[in-house]
Amino acid sequence: MMDNIDRRIINGLQDGFPVSERPFKDAAAELGVSESELIERLEKLCKDGTLNRFGPMYDAENLGGAVTLAAISVPEERFDEITKIVNAYPEVSQNYAREDHFNMWFVIATETPGRIAKVIAEIEHETGLEVIDMPKIEEFFVSLRFQV
């Protein structure tokens, strides 16, 4: 259960994170909490599943890597099991459910272009399900913010 401090942290950090010698200390000061409390709360929010990750978003392609959108048709009774398998990959982010035949969609970002196919193959092997690879053709920037 989130309290008002958790909400303030999530809402406050969606617009960016300081780039400094002590970024957690600087962010904590802006949020009105201590550095250690901010770190502890972020760890708790990730551990309990409120946040699926907390970290930087890199432009993988500009760094020599690759990004793709992937989808799987997951039997409803296996959805939680498959979610854990997919989310265990550090290359996977933004995994979400959709009301469609392909009901699980996620982003794969890798350090090298060849790693995309390997991650997809590994997920297919572990789950026994086909992963649909939808590589980016053109990029658009859309700012999205969720107030909690």
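At 38% relative accessibility, does Val148 count as buried, partly exposed or exposed? Val148 counts as partly exposed, because a relative accessible area of 38% falls between the cut-offs of under 20% for buried and over 50% for exposed. Please keep in mind, as you browse these close-ups, that they show a predicted model.

**Close-up 1. Val148 and its contacts.** Let us start with the residue from the opening question. Val148 sits in the segment after strand S4 (131–135). Leaving aside neighbours within four places in sequence, Val148 is in contact with Met2, Arg7, Ile10 and Asn11. Of these contacts, Arg7, Ile10 and Asn11 fall within the range of helix H1 (4–13). Ala27 makes a handy second landmark: 121 residues separate Val148 and Ala27 along the chain, and their C-alpha atoms are separated by 18 Å.

**Close-up 2. A nonpolar patch on the surface.** Here Val148 appears again, this time together with Leu144 and Phe146. These three residues form a nonpolar surface patch, and their accessible area together is about 310 Å².

**Close-up 3. Helix H3 and its buried face.** Helix H3 covers residues 35–47. Its 13 residues should span 18 Å at 1.5 Å a residue, and the C-alpha atoms at its ends are indeed 18 Å apart, so expectation and model agree. Look for Leu38, Arg41, Leu42 and Leu45, which are buried in H3. Viewed down the axis of H3, the buried residues fall within an arc of 100°, which means that they line one face of the helix. The cover over these buried residues includes helix H1 (4–13) and helix H2 (23–31).

**Close-up 4. The other face of H3, and what follows the helix.** Turn now to the face of H3 that points away from its buried side. Glu40, Glu43 and Lys47 are the exposed residues carried there. Beyond the helix, you will meet Gly49, which follows H3 and has a positive phi, near 90°.

**Close-up 5. Gln94 in strand S2.** Our last stop is a backbone detail. Gln94 lies in strand S2, which runs over residues 92–97. Phi of Gln94 is near 55°, and this positive value occurs in a residue other than glycine. As for its surroundings, Gln94 is partly exposed, with a relative accessible area of 40%.

Definitions and conventions:
Residues are numbered from 1 along each chain as its sequence is written. This is a predicted model: local features need pLDDT of at least 70, side-chain atom pairs count only at pLDDT 80 or more; totals for chains, interfaces and linings use all residues. Side-chain values use heavy atoms; hydrogens and water are left out. Helices (H or I, at least four residues) and strands (E, at least two) are DSSP runs, numbered from the N terminus. The expected span of a helix is 1.5 Å times one less than its number of residues. Buried means under 20% relative accessible area, exposed over 50%, partly exposed in between (1.4 Å probe, protein chains only). The arc is that of the directions from the helix axis to the C-beta atoms. Contact means heavy atoms within 4.5 Å. Patches are made of residues with over 30% relative accessible area and no salt bridge: like charges are joined within 9 Å, nonpolar side chains (Val, Leu, Ile, Met, Phe, Trp, Tyr) within 5 Å. Accessible areas come from the Shrake-Rupley method with a 1.4 Å probe; for residues, only the protein chains shown count as cover. A salt bridge is a side-chain nitrogen of Lys or Arg within 4 Å of a carboxyl oxygen of Asp or Glu.
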